[in-house]
Amino acid sequence: MLIIKAKGGLGNRILSAVTGLVLADLTHRTPFIDWRDGTYAPEGVDSYPLLFESPLATDCSAYDMAEDVYPAIWKGKVQLHPTHIVERFFPGHHSDPFIYRRTAASLGQLDFDTPVAVFWSYLPKLARLRRHLARDIRFSRETQSETFNRYLHTYFQPVADVKMRAEALLAGLPRPIIGVHVRHTDLKTPLDPIRNAIRRQLRSAPEASIFLATDNLHVERQLRKEFSHIVSHPKLLPESGEALFLHSLGVVEEAKNALTDIWTLAQCDWLIHAARSTFSRTGALMGGIPESRQIDVDRYNPKIRAKLLFQRYA
């Protein structure tokens, strides 16, 4: 068995889970996605089956007290979450980009042989599996984006009511539809480049519709003043500008709202975003939106490009 845990927001945990699912296939293990950490549902309740229609079994509680586990740090503690393990054994290292290597199944040798293994990462790590993927016929003929798209299609189909919300949002809108994602709480996407990118797209397609996904009420108000034909999924955005998942205390409904934004972005023809956000990258990968139809407002920022490269291989 491979128990795939999560740390971080919805985009982080979806793309990191894909890494875990690929690892499970490479090591011939049965995967369980274990999202009982309390971020998007009450603690102890697995939010994964509440959000996605999946072929996976979803109850891994039989392994909670397993003794023969890799890494051994999880022995008798499989019911815990990465945050608990890091806090207990490596306090002060929550932001360490390498801490998952000390507390999760290895992506290097793939030689662990215990009945139960645990994997988690804060960010997707398919790049660290590239040697193994190149030697496996199931992966060797596809790009990493194609691998992501295939696994997202199989394991991350939203539940019916989320799909219905997205369909209702886009119903009757003239194409092309420009998806715009602006994260502006803990990670602040620069707004002026977003505005400029929208204007450029509208010059070539004046009748285009705009779907806006944002976590900031003030950003939504500003863009609605400047551009017509904007639609967005109605959700509770705090006036304070604090992170939405902190404001909503992990309510399942707010998780479905976030997933509706991701899934709707995936259905758009163009995507304007900052690709450092896993939220919008998840939408692009779900929808198979090619890079030629994505406008990354950070694409010429050398510091961010270097950071993203480091994160892929860290």
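**Helix α8, buried side.** I looked up which residues of α8 are buried (under 20% relative accessible area, 1.4 Å probe, protein chains only) and found Leu 191, Ile 194, Arg 195, Ala 197, Ile 198, Gln 201 and Leu 202. They sit on the same side of α8, because they cover an arc of only 165° around the axis; the arc is taken from the directions from the helix axis to the C-beta atoms. Turned away from that buried side, I found Arg 203 and Ser 204 exposed, where exposed means over 50%.

**About the model.** I'm working with a predicted model, where local features need pLDDT of at least 70, side-chain atom pairs count only at pLDDT 80 or more, and totals for chains, interfaces and linings use all residues. Residues are numbered from 1 along each chain as its sequence is written, and side-chain values use heavy atoms, leaving out hydrogens and water.

**What α8 packs against.** I noted β7 (177–182), β8 (209–214), α9 (217–226), β10 (270–273) and β11 (294–296) as the partners of the buried residues of α8.

**Ser 280.** I found this residue in helix α12 (residues 278–287); helices here are DSSP runs (H or I, at least four residues) and strands are too (E, at least two), numbered from the N terminus. Ser 280 counts as buried because its relative accessibility is 0%. Leaving aside neighbours within four places in sequence, I listed its contacts (heavy atoms within 4.5 Å) as His 181, Leu 271, His 273 and Ala 274.

**Confidence.** I checked pLDDT, the predictor's confidence in each residue, from 0 to 100: the protein averages 92, and 95% of the residues score at least 70. Over residues 245–250, though, the pLDDT is below 50.
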